[in-house]
Amino acid sequence: MLEVDAIHVQYGRIEALKGVTLSVEEGQIATLIGGNGAGKTTTLKAISGLRPLSSGDIRFEGKSIKGVPAHRLVLMGISQAPEGRAIFPGMTVLENLEMGAYGRRPRKSELDKDLERVYQLFPRLLERRKQAGGTLSGGEQQMLAIGRALMARPSLLLLDEPSMGLAPMFVAQIFSIITEINQQGTTILLVEQNAAQALQRAQQAYVLETGKVVRQGVAAELLNDESVKAAYLGGDIGD
């Protein structure tokens, strides 16, 4: 479904990505792990059309999407729940979710169906639907960010640090729901500092260091790899 081919991304003179190559098969969860500043978020921004490539190519369902504006990529089937959630704090939960479907201009019956799916995944959002997004807990805001991304009906869902800053109870719940979303047919590329949870949920995994993919393979195998354990599974991932 997704092919990232030797992409380079720069912030001014700083080269954040130095030839990153990865692929995501349809129907799977692929994860990208690595330390702070490794380039994980930049990779997702490049895929989403939020950061231009200085070289390389990205193909989605066999077609190059290099240079395609972000809003068009959403309509093509790529949606992202960004790092830090980035919900609209002054809007209600329902209004935030409706914004996720904005580009599709769905009929009311379609919108109601999409809302029902999100509420089934996240019953707490149904309870809070009239509440301002900014008044939700961190875990609830993360649910809202994922729910809003799902309202675009993506075939590829990009998740950037969904467990960051959450209490352990919410971490387990979020990862369980991520698995359920995948089982419902949505392909997922997951960026996550909780490497153990990510590797347990994913089928394919990539390890990113200083803008380069340094390891890749079956997630279960990397989970049991001694060097990966030493670098990333001894606690929170750091520099």
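In this predicted model, the lining of the largest pocket consists of 13 nonpolar residues, six polar residues and one charged residue. The pocket has a volume of about 560 Å³. Of its 20 lining residues, Val74, Ser79, Gln80, Met99 and Gly100 lie nearest the centre. Two or more residues of the lining are given by each of the elements α2 (70-76), β6, α3 and α6 (138-150). Helix α2 supplies the largest share, namely five residues.

Met99 also takes part in a surface feature: together with Phe88 and Tyr102, Met99 makes a nonpolar patch of about 300 Å². Within this patch, Phe88 belongs to the loop that runs between β6 (78-81) and α3 (93-100). The relative accessible area of Phe88 is 34%, so this residue is classed as partly exposed.

Two residues call for notice on account of their backbone angles. Ala6 has a positive phi although it is not a glycine, and Glu161, likewise a residue other than glycine, has a positive phi as well. The table sets out their values.

| Residue | Phi | Location | Relative accessible area |
|---|---|---|---|
| Ala6 | about 50 degrees | strand β1 (residues 2-11) | 31% |
| Glu161 | near 55 degrees | loop between β7 (156-160) and α7 (168-183) | 4% |

Buried means under 20% relative accessible area. Glu161, at 4%, is therefore buried, whereas Ala6, at 31%, counts as partly exposed. Ala6 is placed in a strand, β1, while Glu161 is placed in a loop, between β7 and α7.

Note on methods
Residues numbered from 1 in each chain as written. Predicted model: local features only at pLDDT ≥ 70, side-chain atom pairs only at ≥ 80, totals over all residues. Heavy atoms only, no water. Patch = residues over 30% accessible without salt bridge, like charges linked within 9 Å, V, L, I, M, F, W, Y side chains within 5 Å. Areas by Shrake-Rupley, 256 points an atom, 1.4 Å probe, with all protein chains shown as cover. Salt bridge = Lys/Arg side-chain N within 4 Å of Asp/Glu carboxyl O. Buried < 20%, exposed > 50% of the residue type's maximum accessible area, 1.4 Å probe, protein only. 1 Å grid on protein atoms, 1.4 Å probe; cavity = no way out; pocket = protein on both sides within 12 Å on 5 of 7 lines; lining within 4 Å. Points joined across faces, edges and corners; volume = space filled by probe spheres on them. Nonpolar A, V, L, I, M, F, W, Y, C, P; charged D, E, K, R; others polar.
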